[in-house]
Amino acid sequence: MKFSPSLFDVRNVNFTRGDNEILKSVNLTILPGEYCAIIGPNGGGKTTLIRLLMGLEKPSSGTIKLFGTEQAKFREWHRIGYVPQRSALVDATFPATVREVVAMGRYARRGIFGFESSEDVSAIEESMEQMGVADLRDRLIGHLSGGQRQRVMIARALASHPQVLIVDEPNTGVDVESQHRFYELLRVLNKTKGIAILFITHDVGVIAEDISKLFFVNQTLLLSQTPQEMLRCDSMSRLYGTPAHVVCHNH
Amino acid sequence: MLEMLNYPFMQRAFIAGLMIALLAAMSGSFIVLRRYSLLSETLAHVSLVGVSVGILFGLSPLWMAVVASLIASWLIEYLRSVHGMYSDSVLAIFLSGSLALAIVIVSLSGSFNASLFSYLFGSILSVSNDDLIIMGLFGSLSMALLILFFKELYFIAFDEEVARTSGIRVTLLNFMLVSIIAVIIALSIRVVGTLLIGALMVIPPVAAIRFGMGFFTTTLLSIGIALTCVVAGLSLSFFFSLPSGAAIVLCLLVAFIFALVVNRR
């Protein structure tokens, strides 16, 4: 594969559904090891942007390259870990243990005839340990708390040894304490493992530290800048389309 | 009790029944978890159209059932996945539509009611050696595909979207699964009958899920329930001269009630 420094390279992407223009003229680049967040109002196209990156939607026009390869020709999906919105909302009776769910992260690598190799076993164990869910391995996923399920879903994404982790609104249905632990976890993964992170959030205060790039999305990519530049009143007003006042606190 | 196995027709019924139980329980786990349970019932009605056409034109009812069921399964999956129609609506249309078509064909000929009865409710007397050979061939192929793609089908049942983004060919596997189910249903009609095969596919996984275990263990338990109920149902059918399909389904209901009572929450 041709070497390319960018993990995602989005050029002039437009996306319409019927007569609705969901996203227009979006350009963005994500580099290895970056810690990025997407913010924006509800209905602004944040999730659509992620779905376009993951190939779940096709752009009306424009190009998306993953690891330097045209998206249509890209096959190494195990290099991208994806945790969609509300993925932690699992049917309580679904017959899946934590271990079985995390093992799914290795399926694409194993191929049709592949049995679970020692490499698969160690990757599954390692990601469960990393996310602190190893002790829950035999529990049904539906019997866990929202925060625990969320960690299992991240463990599944990590089991494929991705180079980038995409998380869509990770804290839906999760308590405040778990939210803080979760953001800390993302930071650790980024710093210690060098995994690039891209996540959608509404919690702009929590993400102010450590973020290398912030994307403001409201139908188009309004701004792409550092948190310090973003957390100014004029930037916030431009994004949300209403006067905004930024208050800093110590939490 | 084992003297019933001295009869060749019972030997054939047991071989066919156990084969169907294994296949139905295994494939049924995937459709139950995907809230697609009525697929089996719908395809069973569609296969009745194939049987009617077969009897009317002097063709093999079994082969015609396979063809009708396969075509319908592809159409259903196409409408669901490509056109984004609600699966329960698509199934309702095919279920009632195919039954209407079968009734029209039956009324046009008006000469094969007795024969049709065995296809509706199953008959242990009707399984021939040729049926066993066809079942063996298609059953082995279906089982091989289910085993080969077991983990991918499980991933799709758990989270279709993430399965797709991890590189699994979801659309292709969905079509493969409905095709396998279509074939299993068409092959099952001799023993269980078109109106009752849905129960053999749905009740064992639903009962097994009540025990709150992982997917692999749940599938094994589901297969165990289906095999046990087929043996019990065929035995009851032999000793009490009952239609085999109805006897098997009643045994499945007992298993389901047992699972429900044991796992009260």
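This is a guided tour of a predicted model, moving from chain A as a whole to its contact with chain B.

**Chain A as a whole**

Begin by selecting chain A and showing it as a cartoon, where you can look for seven helices and 10 strands. If you then colour by burial, 41% of the 251 residues of chain A count as buried. As you follow the chain, keep in mind that, among its contacts with a separation of 6 or more, 69% are between residues 24 or more positions apart.

**An open sheet**

Next, select the four strands of chain A that form an open sheet in the order 2-1-4-5, with antiparallel pairing. Which strands stand at the edges? They are strand 2, residues 20-30, and strand 5, residues 69-70, and because each has a single partner strand, one side of each is left without a neighbour in the sheet.

Now keep strand 1, residues 8-17, together with strand 2 of chain A, and you will see two antiparallel strands joined by seven bridges. These strands form a hairpin with two residues between them, and in the turn you can pick out G18(A), which has a positive phi of about 65°. Moving along the pair, you can find V10(A) opposite L28(A) of strand 2, and you can also find F8(A) opposite I30(A) of strand 2.

**From F8(A) to L53(A)**

Keep F8(A) selected and add L53(A), because F8(A) is one of the residues that L53(A) touches, and the others, not counting residues up to four places away in sequence, are I64(A) and I166(A). L53(A) itself lies in helix 1 of chain A, which covers residues 46-53. Is L53(A) buried or exposed? It has 24 C-beta neighbours inside 10 Å, and therefore it counts as buried. If you draw a C-alpha to C-alpha distance from L53(A) to K65(A), the value is 8.6 Å, for two residues that are 12 apart in sequence.

**Two helices that pack**

Hide the sheet and select helix 2, residues 98-110, and helix 4, residues 146-159, of chain A, which pack at an angle of about 35° with their axes 6 Å apart. Turn the view until one helix passes in front of the other, and the crossing that you see is right-handed. On the side of helix 2 the contact is made by V98(A), V101(A), V102(A), M104(A), G105(A) and R106(A), while helix 4 supplies V152(A), A155(A), R156(A), A157(A), L158(A) and A159(A). Coloured by class, the residues of this contact divide into nine nonpolar, one polar and two charged.

**Across to chain B**

Finally, show chain B as well, and select the contact between the chains, which takes 21 residues from chain A and 20 residues from chain B. On the side of chain A, helix 2 gives the most, with four residues, and by class this side has 13 nonpolar, six polar and two charged residues.

End at helix 7 of chain B, residues 150-158, where eight of the nine residues are buried, so this helix is largely enclosed by the rest of the structure. Its buried residues include L153(B), Y154(B) and F155(B). The buried residues of helix 7 pack against helix 2 of chain A, together with helix 1, helix 8, helix 9 and helix 11 of chain B.

Key
Residues are numbered from 1 along each chain as its sequence is written. Chains are lettered from A and ligands numbered from 1 in the order in which they are written. This is a predicted model: local features need pLDDT of at least 70, side-chain atom pairs count only at pLDDT 80 or more; totals for chains, interfaces and linings use all residues. A residue is buried if 20 or more other C-beta atoms lie within 10 Å of its own, exposed if 12 or fewer, and partly exposed in between; C-beta atoms are placed from the backbone. Two residues are in contact if their C-beta atoms, placed from the backbone, lie within 7 Å. Axes are lines fitted to C-alpha atoms, for helices over the stretch in contact, and angles run from 0 to 180 degrees between N-to-C directions. A crossing is left-handed if the near helix is turned anticlockwise from the far one by less than a right angle, and right-handed if clockwise. Ala, Val, Leu, Ile, Met, Phe, Trp, Tyr, Cys and Pro count as nonpolar, Asp, Glu, Lys and Arg as charged, and the others, Gly among them, as polar. Two strands pair if DSSP finds at least two bridges between them.
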